[in-house]
Amino acid sequence: MQADIFKDILVPVVGGLGIFMLGLEFMSNGIQALAVSRMRTLLGQIAGTPIKGVMAGTFITGIIQSSTAMTVMVVGLVNAGVLGLRPAISVIMGANIGTTLGNGLIALPLGPLGLLLAGFFALIYVFSNNHKVRNIALACIGFSLIFYGLNLMTGGLRPLRSMPEVMEAISSLNADNFTGLITCVLIAAGITAMIHSSSATIGIVMGLGAAGVLEWQTAVAFSLGADLGTTITSWIASLNLTKNAKRAAYAHISFNFIGVAVMLPLFFPSMILLTHIMGWFGGDPGVAQVVDGKEIFPLVPVAVGIYSTCFNLFNTALLFPFVSVFERVLLRVGHDASEDVEDYSHARYLDPKDQADPSRAVPAVQKELARYLDAARLFLDIGRGSKTAPKDTRDHYSSTDILSREIRTYTAGMFRPELPYAQTDLVASLIEEADFTASLGETLYQTARRVERENFSTAGRALAEVVLDKIAEAMTVLAREADGETAVAADVETRLPEIAVLREQCLKLGPELPAAERGSLLALLGSAERAFVLIERIDAERRSVSRTVRPRPVAETGPELPLAGAPVPA
């Protein structure tokens, strides 16, 4: 029966691609909105090192039997800031191994199951009033739609298999020389790119080889091409994502391309070795067996499966020592000045091992709070339009929000039943300081957004610049305290007259300041006043309880020593 190209091919392929991309977006958004710091800790235990990353990628992909879906998941997690680039590279290496461990499960109906799960979690998302539950449901909807979208795309291209022209082109191929080998690899790569599943391609090749349509070495050559073609999906998935997500996709592409490039000149020697290995599994795969009067080649699928598994093991063993090199090279891809700004989505000084030792944990929290303030100051640079400021205000805000939550979670974990009251009071004071600091960051984010949204005239821009300068000047109080210098006055009452003067200037400007700009400037002045109040509260909180803790003597096993100094009045 002739396939309807529009209904049977174009509609499911285009629709499946859209659902696939939407699923990735939902999954990333749901993950981002969840407790990212806890998820990062959990994934850090699973894939915190390259070896664990390979193991995690192998295990998870071995279960879901889709390196494509696994790689897309990794790209989504990198995009959400949950997974770093280095562990992502090792997880992708493991995914290539995992997908070869169960090629017999390539017909697993994950697509319809994905639609069912997407519908189930969509109902939870719609009817739940719990914010956390809704975010979990959103991530699960995205994960389910990824499978369903891949299933639609695969089904849309399935009619190509029944087209005589396509099958005739495949059966005429032969990898008995180097040119034929490269041709087979490229055609298999193209087919895999279209159906978005290397396992499905290998399954088709197994069937063609078992039926005698493809010579067994040609079937093996097709498995190499399948590893190339499967990279297209992760590349498509990363198109609208962050640079690190794109780099994770590039890692997948380069890893597979390098492996195939290395294996091409070794292909014919490896066929000799594979022939010997097949002697342990029943004999020469090229020898036919007669079953019910028909010639079949039952050992061809075995040969393809063994070669595919051995190739991915060999490729991982070959490139695993160069994970750090991959990372350094990929970090230069698409690099620009905006990336020289520090990544504030990761805590640099907070070590869980130090939480029980206030003499080490307190300085660590203070350093991270200072980093948060540095990140918050960048909102002022965004408002000024500085070339070195982060280019995406929302992304930078997301990073500062993640850091703030990590600081808060870490500081709360410092509470211990055996702590003396003085140190318990100190931990409580640090939590309050962290809360005021986070509120200051929120205020500066809103300040930057207000300046960004308004297309100020010359007069309006001049006033806005003055307001930003006043906030920056007030924040020097906190910077000097962090450096141990004598701070200038943080009393908000000394700065309110400056706000009043700027407000008066704003109101006295004539027609050169449009009404919309006047309103934006007044709102900006309100944000500046809130920033002054919060700076004063942070300053007062730092002075309320001494931040000095005596180190615990090495031989001491009892509770922490009390604070070196008494509380200092605000």
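These are my notebook entries on what I looked up in this predicted model.

**Entry 1: the whole chain**

I started with the overall picture. The protein chain has 570 residues, and 48% of them count as buried. For secondary structure I noted 22 helices and two strands. The chain exposes about 26,100 Å², and carbon and sulfur atoms supply 63% of that area. Then I looked at contacts between residues at least 6 apart in sequence: 78% of them join residues at least 24 apart.

**Entry 2: aromatic rings**

Next I went looking for ring pairs. How many aromatic pairs does the structure hold? I found five. To describe a pair of aromatic rings, I need the distance of the centres and the angle of the planes.

I took F267 and Y307 as one of my examples. Their ring centres are 6.1 Å apart and their planes sit at 75 degrees, so I wrote this pair down as edge-to-face; the cut-off for that label is over 60 degrees. F267 is in helix 14 (residues 267-278) and Y307 is in helix 15 (residues 299-319), so I checked how far along the chain they are. They are 40 residues apart, and the pair links distant parts of the chain.

Are these two residues buried or exposed? F267 has 0% relative accessibility, so I put it down as buried. Y307 comes to 6%, and that counts as buried as well.

My other example is Y397 with Y445. This pair is stacked, with 4.2 Å from centre to centre and 20 degrees between the planes. Y397 belongs to helix 18 (residues 393-412) and Y445 to helix 19 (residues 421-453). The two are 48 residues apart, so here too I have a link between distant parts of the chain. I looked up the accessibility of Y445 and got 8%, which means buried.

One more note on rings: F267 and Y307 join F268 in one aromatic cluster.

**Entry 3: a charge over a ring**

I also checked for a charged side chain above a ring. R134 lies over the face of Y125, and its distance from the ring centre is 4.2 Å.

**Entry 4: back to helix 15**

Helix 15 came up with Y307, and I looked at V304 there too. V304 is buried, because its relative accessibility is 0%. I then compared its position with L274. The two residues are 30 apart along the chain, and 9.8 Å separates their C-alpha atoms.

**Entry 5: salt bridges**

How many salt bridges does the structure hold? My count is twelve, and I followed up three pairs, starting with D469 and R384.

The side chains of D469 and R384 meet at 3.3 Å, N to O. D469 sits in helix 20 (residues 458-482) and R384 in helix 17 (residues 358-384), and the partners are 85 residues apart. D469 is partly exposed at 39% relative accessibility. R384 is partly exposed too, with a relative accessible area of 29%. D381 also belongs here: D381, R384 and D469 are linked in a network of salt bridges.

Then I turned to E433 and R547, whose salt bridge is 2.8 Å, N to O. Which parts of the chain does this pair tie together? E433 is in helix 19 and R547 is in the segment after helix 22 (515-544), so the pair joins parts that are 114 residues apart in sequence. E433 is buried at 3% relative accessibility. R547 is buried at 13%; the cut-off is under 20%.

D539 and R543 gave me a salt bridge of 3.0 Å, N to O. Both are in helix 22, and they are separated by about one helical turn because they are four residues apart. Their accessibilities went into separate rows of my notes: D539 is buried at 8%, while R543 is partly exposed at 36%.

**Entry 6: a nonpolar patch**

Last, I looked at the surface. Which residues make the nonpolar surface patch of about 410 Å²? I wrote down I5, F6, L10 and V11. L10 is located in helix 1 (residues 5-33). With 43% relative accessibility, L10 counts as partly exposed.

How values were computed. Residues are numbered from 1 along each chain as its sequence is written. This is a predicted model: local features need pLDDT of at least 70, side-chain atom pairs count only at pLDDT 80 or more; totals for chains, interfaces and linings use all residues. Side-chain values use heavy atoms; hydrogens and water are left out. Rings of Phe, Tyr and Trp (its six-membered ring) pair if their centres lie within 6.5 Å; planes under 30 degrees apart count as stacked, over 60 as edge-to-face and the rest as tilted. Buried means under 20% relative accessible area, exposed over 50%, partly exposed in between (1.4 Å probe, protein chains only). A charge sits over a ring if NZ of Lys or CZ of Arg is within 6 Å of the ring centre and within 35 degrees of the ring normal. Patches are made of residues with over 30% relative accessible area and no salt bridge: like charges are joined within 9 Å, nonpolar side chains (Val, Leu, Ile, Met, Phe, Trp, Tyr) within 5 Å. Accessible areas come from the Shrake-Rupley method with a 1.4 Å probe; for residues, only the protein chains shown count as cover. A salt bridge is a side-chain nitrogen of Lys or Arg within 4 Å of a carboxyl oxygen of Asp or Glu. Contact means heavy atoms within 4.5 Å.
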